[in-house]
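Me: I'm new to this one and keep running into labels. Can you walk me through what earns each label?

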Amino acid sequence: MKLHLGCGNDYKEGFWNVDIGDCKKDQEMDISRPFPLQDNSYTYVYAKHVLEHIPRESFFDVFREIHRVMAHGAVLEFCVPHAGSDNYWTDPTHTMPYTVRTMDFLIEGKQLRENGKIYGAEYSFEEVEAPKVDGVYTVYFKLRKVK
């Protein structure tokens with residue numbers, strides 16, 4: 001099964017599409033709260049321009065939930081506006097800034113991983129690809145659940 005977080009107007013066939021907004025979706029779901037989804041049930045999780053809307057204080061909890069619903073070896077692919085771009089600062093609903101190093105708190109082998117553990121990230125991911133930046137506007141991440 002594939003999960004599409006914050007689908008908005010981009011409903012994807014073959015995915016379980018979730019969103020809190022007024023759009024076509026399979027399930028109403030606020031991703032800043034515990035997910036009403038089964039453990040280890042998704043082989044692929046996709047989120048396009050939604051994770052920058054989560055409250056900063058919910059960062060570790062949201063990624064814990066994403067990790068929880070992912071099957072072993074599943075891939076998480078997401079993109080967010082770069083914290084230094086106009087795209088991030090123009091939208092007043094953006095609350096969580098990202099750079100190419102933001103996920104280092106949750107990735108095995110990264111220097112900041114130990115800090116992530118201090119903040120309660122008992123879960124971790126591995127990089128499938130190094131983060132990429134499209135100009136200075138969007139950061140793309142591709143991670144895998146390994147534990």
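Me: What makes N40 partly exposed?

Reply: N40 has 47% relative accessibility. Buried means under 20% relative accessible area, exposed means over 50%, and partly exposed is what lies in between (1.4 Å probe, protein chains only). So N40, at 47%, counts as partly exposed. One thing to keep in mind: this is a predicted model, where local features need pLDDT of at least 70 and side-chain atom pairs count only at pLDDT 80 or more, while totals for chains, interfaces and linings use all residues. Residues are numbered from 1 along each chain as its sequence is written, and side-chain values use heavy atoms, with hydrogens and water left out.

Me: Where is N40, and what is its phi?

Reply: N40 lies in the loop between strand 3 (27-28) and strand 4 (42-48). Helices (H or I, at least four residues) and strands (E, at least two) are DSSP runs, numbered from the N terminus. The phi of N40 is near 50 degrees, which is a positive value in a residue other than glycine. Most residues other than glycine have a negative phi.

Me: What about H49, where is it and what is its phi?

Reply: H49 is in the loop between strand 4 and helix 1. Its phi is near 50 degrees, again positive in a residue other than glycine. With 32% relative accessibility, H49 counts as partly exposed.

Me: Why is the contact of R64 and E122 called a salt bridge?

Reply: A salt bridge is a side-chain nitrogen of Lys or Arg within 4 Å of a carboxyl oxygen of Asp or Glu. The R64 and E122 side chains meet at 3.0 Å, N to O, so the pair fits the rule. The pair links distant parts of the chain: R64 is in helix 1 (residues 59-69), and E122 is in the loop between helix 3 (113-118) and strand 6 (125-134), 58 residues apart. R64 is partly exposed at 23%, whereas E122 is exposed at 59%.

Me: How do you know that E127 and K110 form a salt bridge?

Reply: The N to O distance between their side chains is 3.5 Å, and the limit is 4 Å, so E127 and K110 qualify. This pair also links distant parts of the chain: E127 belongs to strand 6 and K110 to the loop between helix 2 (86-90) and helix 3, 17 residues apart. Both land in the partly exposed range, E127 at 26% and K110 at 28%. They belong to a network of salt bridges that links R101, D104, K110 and E127.

Me: What makes R33 exposed and D30 partly exposed?

Reply: R33 has 56% relative accessibility, and over 50% is exposed, so R33 gets that label. D30 has 25%, which counts as partly exposed. The side chains of R33 and D30 meet in a salt bridge too, at 3.6 Å, N to O. The structure holds 15 salt bridges.

Me: Why is C7 not called part of a disulfide?

Reply: A disulfide is a covalent bond between the sulfur atoms of two cysteines. The rule here asks for a pair of cysteine sulfur atoms within 2.5 Å. The closest cysteine sulfur to that of C7 is in C23, 4.3 Å away, so it is too far for a bond. C23 is in no disulfide either. By this rule the count comes to zero disulfides.

Me: Are C7 and C23 buried or exposed?

Reply: C7, at 4%, and C23, at 17%, are buried, because buried means under 20%.
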